[in-house]
Amino acid sequence: MREVFRRVQEIVTGIDDNTDIYGAVVPPTFENTIYRYPDFDTVVETTKGHVARYGYSKNANPTTDALEKKLAALENGEAARCFSSGTAAIYTVLLSVLKQGSHVITVNNVYGRVVDFLRNWFPQFGVETTYVAGTSLADFEAAIRPNTALIYLESPTSWHFELQDIRAVVKLAASRGIKVAIDNTWATPVFQNPLDYGVDAVIHSASKYLGGHSDLVGGAVIGSRAYIAGLPQLGAVLSPYEASKMLKGLRTLALRMERHESNAMAVAAMLENEPKVRAVRYPGLRSFDQHELAAVQLHGCSGLLSFTLDTDPAGVRRYIDALRHISIGGSWGGFESVTYAAAMSGDPEEDIVKRGFAVGQIRLSVGLEPLDTLLEDIRGALQRV
Ligand SMILES: *Cc1c(COP(=O)(O)O)cnc(C)c1O
């Protein structure tokens, strides 16, 4: 077993998750809203912080605490906070750093909700954003202003898979007093640990690989104890039931990522040799334009990739509708393979291209199915292009 998988499995099974209760081998789910205090003085002592007790589940919950302990350890962080979605986690991080008149730098192909917040909600507080390609350090250097407060990374991005050199960006940011946050959803804590490179906050959409079973929406932020303690409390907390499902997902995280990676590598390699496929975007491929950076920054690759069919939108539709096993869907990171085409926006070709996509571009979340099932399904559909 590769060291990264062993490390993750040891953390996941090695950290106590309240399994001492009646000897239960999986942690119970605490769905209660409040906790009873034995007497008057205990309330006073708890309020003063002299006694650590659970009081109200929005503030702390044993099931969520068990999950947060594991997520912090998985990212080599001191502390973690879970949220009701990845989007809530992102918004909380933005609010934790940005002040009136702050400037943010992020990458062109960052997750769409980040753009939504920075374009539609933050300008009323005088917050401005600069978008950069991010594939060269000079992009960030040129964008820095005296009021730059945050560099928000997503490496790799989730359609084109451009990488940013995290170590180099952190070094630059530190020299100017700028905080760095990163969306690490694609790589998962198995394949990338950005806190090791000095970032201030790591964000995950747990709705993808951390949950892993397409049955929960959640998010997490990991960082230093002081940073996490200082996050604004927006009330967008993860429910204990979802926390319990995520704890279950984590038990197989290493196992799943190993299979996602090997399946995706094989699918990407197959696609590269198909005459009807013009380009494959997957950081694990030797032909990937940032493969060298990927090799030193990532410990491995997850299952999300994209490729471009050498055809028009009608050919893309024939390909998608010919798939027998792979589902059509917008999200990713689950056990089942799911695909989506850029042309599904329904926009005119020139708008799709203007947004930086190819008309025939297809995203594929490679799941955990037997590899032959996937290869046969894709090859069969390609014959219909
Ligand atoms: C899905 C996603 C998010 C948002 O997560 P939700 O849990 O859907 O709110 C953030 N970043 C990336 C890269 C994503 O794919």
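Let's start at the ligand: one of its oxygen atoms is 2.6 Å from an N or O atom in the side chain of Ser 207, which fits the rule for a polar contact (a pair of N or O atoms within 3.5 Å). An oxygen atom of the ligand is likewise 2.6 Å from a side-chain N or O atom of Thr 87, and for the side chain of Trp 332 the value is 3.4 Å. Taken alone, the ligand exposes 380 Å², and the protein buries 89% of that (areas by the Shrake-Rupley method with a 1.4 Å probe).

Keep in mind that this is a predicted model, where local features need pLDDT of at least 70, side-chain atom pairs count only at pLDDT 80 or more, and totals for chains, interfaces and linings use all residues. Residues are numbered from 1 along each chain as its sequence is written, and side-chain values use heavy atoms, with hydrogens and water left out.

Now step back to the shell around the ligand, meaning residues with a heavy atom within 4 Å of it. Among them are Ser 85, Tyr 111, Glu 154, Asp 183 and Lys 208. Helix α4 (residues 86-97) gives the most to this shell, with three residues; helices here are DSSP runs (H or I) of at least four residues. By class, the shell has three nonpolar, six polar and three charged residues, with Asp, Glu, Lys and Arg counted as charged, Ala, Val, Leu, Ile, Met, Phe, Trp, Tyr, Cys and Pro as nonpolar, and the others, Gly among them, as polar.

Methods. A polar contact is a pair of N or O atoms within 3.5 Å; within protein, one must be able to donate a hydrogen and the other to accept it, and residues adjacent in sequence count only if both atoms are side-chain atoms. Helices (H or I, at least four residues) and strands (E, at least two) are DSSP runs, numbered from the N terminus.
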